[in-house]
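Thanks for coming, everyone. I'll take a few minutes on one region, and then you can look for yourselves.

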Amino acid sequence: MDTSSSNVPVKRSHSESSCNEAYTTENLIQQPAALDSLPETAEVEDEMVRESVLIDVVWRGSEQYPLRIPKYATILSVKALLEELTGVDAESQKLLGLVRGQLPRDSDTLVGLGVSSGTRVRLVGTPLCDRLQPREGLSGSGLWESEMPPGPSDDAISGGLARMARSQVLSTDWQMQLQRIVEDTEIRVLNAPRAGRKLVVLDLDYTLFDCKNVSGNVTDMARPGLHEFLAAIYPVYDLIVWSQTRWHIVESKITLLGMLTHPHYKITTALDISSMLTIHALRNGREVDHQVKPLEFIWTRFPDHYCRQNTIHIDDLSRNFALNWQNGLKIRAFKRADTQPRTDTELYKLARYLLHISALPSLEALDHSQWHSYKN
Ligand SMILES: [Mg+2]
């Protein structure tokens with residue numbers, strides 16, 4: 001098969017593909033949707049600033065966290081963010097200064113409480129690690145970083161399906177784990193799956209935003225082009241966010257980033273660590289245990305909409321693809337956004353790639369590891 005005109009990387013030859021009839025260049029979108037028809041980044045950021053308040057949180061007398069937060073965020077979302085910043089778990093936090101003479105409820109919103117920019121808030125609470133361990137064991141100050149240990153380094157994996165395939169799953173019990181997760185895990189559907197749409201599963205940390213950006217400004221944490229990217233692919237892809245952390249942290253992140261209220265796209269659902277499972281694998285010559293995001297979980301829970309043939313999983317950690325290598329698309333990690341110029345263009349390039357392949361009846365023949373080689 002001649003793919004030179006489309007420049008879409010393929011995994012197998014035409015004769016080997018299970019989608020022989022469907023997989024022709026005629027089926028590819030000839031003119032991907034225009035990205036420039038979408039709102040400008042500055043426009044979206046201006047809107048976010050208008051819809052947010054700047055509060056100054058003080059902890060332990062001297063530690064200050066200036067936070068720009070959407071005004072419709074709940075107190076629980078604010079606490080979830082502060083949990084990542086300080087290590088004080090949300091349940092034990094007390095926020096003084098938001099409401100005169102009383103503590104706000106977790107369900108209250110900033111706008112509902114009449115909180116305005118410049119409000120000074122005092123956080124009272126002790127990090128869980130301080131309560132359980134000696135002082136030198138203090139940890140948990142990473143801003144919005146995933147809570148689980150990082151596992152084996154992913155840096156050595158630079159792309160290429162053949163190279164990634166060196167990770168070999170040794171576990172024999174993952175299907176039992178999966179069955180248990182499928183049966184026990186609650187899914188909160190935010191927006192119903194749409195008929196005929198493919199699915200993009202999106203990691204959060206270092207894929208869509210820099211969770212260690214210490215500027216305290218949510219807009220600066222977002223990867224350049226975040227909202228334009230999601231709005232561009234939304235007409236043809238449903239969107240599911242999957243992050244290796246607890247639900248209230250995931251919810252807080254996507255709320256504060258403005259991903260639940262954006263006018264040009266909707267998130268189908270967000271999944272947390274409870275939907276992940278641990279495997280034993282041979283990786284780069286070493287036996288390791290690590291967590292993965294099993295797409296079978298989604299396919300089993302949404303059998304009428306999503307399947308192996310119409311799903312792409314985008315993540316900066318390729319180990320998360322261990323059970324679904326072909327569906328995985330590794331994106332460069334977005335880090336140090338607070339000190340580097342905002343020149344990252346990954347999401348713009350990725351939007352073009354995803355739009356270009358979106359008309360294929362099946363994505364199963366593609367090798368997403370070569371997506372950077374695609375030129376529009
Ligand atoms: Mg990540």
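Let's start at a turn. In the hairpin of β1 and β2, three residues sit between the strands, and R60 there has a positive phi near 55°. Keep in mind that this is a predicted model.

Now the strands on either side of that turn. β1 covers residues 52–59 and β2 covers residues 63–70; their pairing is antiparallel, with eight bridges. To find one of these bridges on screen, go to S52, whose partner in β2 is P70.

β1 also pairs with β4, residues 120–124. Here the strands run parallel, and four bridges join them. D56 is a place to look: its bridge partner in β4 is R120.

Next, the helix α2, residues 75–86. Does its length come out as expected, or not? Let me go through the arithmetic: at 1.5 Å a residue, twelve residues should span 16 Å, and the end C-alpha atoms of α2 are 16 Å apart, so the two agree.

Is α2 buried or exposed? Twelve of its twelve residues are buried, so the helix is largely enclosed by the rest of the structure. The cut-off for buried is 20 or more other C-beta atoms within 10 Å of the residue's own. The buried set includes charged-type names you might look up, among them K79, E83 and E84, as well as I75, L76 and V78.

What do these buried residues of α2 pack against? They pack against β1, β2 and β4, which we have just seen, and also against β3 (94–96) and α9 (247–256).

Last item: just after α2 comes G87, with a positive phi of about 85°.

Technical notes. Residues numbered from 1 in each chain as written. Predicted model: local features only at pLDDT ≥ 70, side-chain atom pairs only at ≥ 80, totals over all residues. Pairing = 2+ DSSP bridges. Helix = DSSP H or I, 4+ residues; strand = E, 2+ residues; numbered from the N terminus. Expected span 1.5 Å × (residues − 1). Contact = placed C-beta atoms within 7 Å.
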